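Here is a short tour for anyone about to work with this chain. Have the viewer open and follow along, heading by heading.

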Amino acid sequence: MTWQYSPSRREFLGSVAAFSLFPLEVEKPDLILHNANIFTVDATQARAQAVAIANGRFVAVGSNSEILNLAAPGIRKIDLSGKTVLPGFIDAHCHPGSSGVDMVISVNCDLPSIAAIQAALRERAAKTPAGEWVLGSKYDDTKGAEGRMLTRADLDAAVPDHPVAVMHRGGHTTFYNSTAFRMAKIDEKTPDPPGGKFDRDPATGKFTGRVADEARALVETFGADPTTRENRREGVKLISKAMAKAGITSVGDAGGTPEDLRAYQDARESGDLSFRVYCLIVYPQLDKMLAAGLRTGLGDDFVRVGACKLFADGSISERTARLSKPYEGTPDYFGLLMMSEEEQYQRTRKAHLAGWQVGTHANGDVAIDQTLRVYERLQRESPRHDPRFRLEHCTQVTDSLVARIKAIGAIPTPFSSYVYYHGEKMRFYGADRLKNMFAMRSFLDAGIPATQASDYTASPFEPMMALQSQVTRTDTKGNVWGANQRITLEQAIRVGTLNGAHASYEEKIKGSITAGKLADLVVLGRDPFKEDPSSLVTIPVERTMLNGRWSYES
Ligand SMILES: [Zn+2]
């Protein structure tokens, strides 16, 4: 058994040394979970049967008899009937702030066909005042029954009189109708801005409706902002509840703003925050944060300021990531870089010198190489102790990139579920390139603490799907992509818990079931170690505990 002495008691004793005859004692537990099959992710004690919890922390972890011995009369004891318990999952890179508010203000376009999307948008338009946006989210161009991409004409046919914006679930492309372009005073003569693109029909030169990355700011210039303070708070409530149901207890919000920080705090105060959040702040908001004297680490166990977030290139699911070799089947399409190396250096430097952790979105090998050069240069010129540079996604690597990631101590946050969930997109990259994509085996073999990340909405956030995808490297149709990158279940669980805590400098307070750490855990319906790896995704999460309380019970 491992013990944790009450920190408050220890401080108290330290401050009154004259009374040091007080015996140290274990903090009195207020809850005991016993008769469980606990996989702790703590190397000093990998397996346990019971935990004692007090004031939101584990105070003792051990065998049934050891822990039950601590029970004072009347204490709450829960018999878990042999169920498997893991630490709460940490989704190191996802977008709960924006996806939460989407749940409040937009139409869910994760639907089986374009026709179904049209019907849903039409229904929303009927309830929307003229001239106001009709918004859609979670659209995926490769999953519709029609086998083709949504077009401007589809949107015009469904909603002719309102501006419409349907965002791809990857978050880097949006599809607009003609009214949206007209109201934004954009037409085919408008040039592509740096880091953005208006897709045009090759035959006619007309807009297809699909607009990538930075070009979207030229369309979304009018109308009232629906992301009100109350909508954001409500969004946090909905998304954190949904994530708790899946077994998630901590997230990194990789697209945070001061408004998101406020929403998390608002939701916490109203009792509606069901996870802990490390809120990365997007670079355009950095000046505001600096002016207020804020930096990475400020906050507490529930809401904390995370890294400064930059973008080096485009997306994998939407095929805009910047690759060194062309996308499969194209002679010369390599994807997009978001900024020059010098610009990236200047921005990163500003955050780095101000004491911020930096997390740079870099998918393709070209973008990862550029980002590492920037990090390496900064550590040469202005070294900081333990900067934990993050490489958000870090999808396509090479051996030399992996060596440089290790050398500088950077943390990749690869897409954990893409092989399983986005199998149909893997053909754009090809089997050969997939050997070095989402390269968990390469990272772990090199001793790099890569994390679990859904990038939700880009892929579903269910941690069981992440485990299955990383262990099997097999998609929903049974195709195997990059079998050389398979990792073990034990490794995948560690990646999804302790490594996530490390990415936010919180490995000493969470990420494993260890006495003294925050009492975050999940109770599973079946033991993943006894499960066929190809059905891990079907294991139900029965309960989730956050800070010593159930945040979800089935
Ligand atoms: Zn992201």
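## Ground rules

Helices are DSSP runs of H or I with at least four residues, strands are runs of E with at least two, and both are numbered from the N terminus. Keep in mind, too, that this is a predicted model.

## The chain as a whole

With that counting, the chain holds 18 helices and 24 strands. Its C-alpha trace spans about 85 × 55 × 50 Å along the principal axes. The radius of gyration is 24 Å, which agrees with the value near 24 Å that a compact globule of 554 residues would have.

Inside, 52% of the 554 residues count as buried. Among contacts with a separation of 6 or more, 72% are made by residues 24 or more positions apart.

## A cis peptide bond

If you set up torsions by hand, look at the bond between tyrosine 456 and threonine 457: the peptide is cis, with omega at about 20°. Threonine 457 sits in a loop, with α15 (440–445) on one side and α16 (463–472) on the other.

## Two positive phi angles

Asparagine 55 is a residue other than glycine with a positive phi, near 50°. The loop that holds asparagine 55 runs between β5 (50–54) and β6 (57–62). Is asparagine 55 buried or exposed? Asparagine 55 is partly exposed, because 15 other C-beta atoms lie within 10 Å, and that class falls between the exposed limit of 12 or fewer and the buried limit of 20 or more.

Aspartate 213, also not a glycine, has a positive phi near 45°. Its place is in strand β15, which covers residues 207–213. Aspartate 213 has 23 other C-beta atoms within 10 Å and is therefore buried.

## A six-stranded sheet

Strand β15 also belongs to an open sheet of 6 strands with mixed pairing, in the order β10-β11-β12-β13-β15-β14. Why do β10 and β14 each have one side without a neighbour in the sheet? Both β10 (107–108) and β14 (196–200) stand at the edges and have a single partner strand, so one side of each is left free of a neighbour there.

Helix α4 (residues 114–126) packs on this sheet and touches β10, β11 and β12 (164–168). The direction of α4 makes about 150° with that of β11. As for the strands at that edge, β10 pairs with β11 (residues 134–139) in the parallel sense over 2 bridges, and asparagine 108 stands opposite serine 137 in β11.

How values were computed. Residues are numbered from 1 along each chain as its sequence is written. This is a predicted model: local features need pLDDT of at least 70, side-chain atom pairs count only at pLDDT 80 or more; totals for chains, interfaces and linings use all residues. The radius of gyration is taken over C-alpha atoms; the globule rule is 2.2 Å times the number of residues to the power 0.38. Two residues are in contact if their C-beta atoms, placed from the backbone, lie within 7 Å. Two strands pair if DSSP finds at least two bridges between them. Axes are lines fitted to C-alpha atoms, for helices over the stretch in contact, and angles run from 0 to 180 degrees between N-to-C directions.
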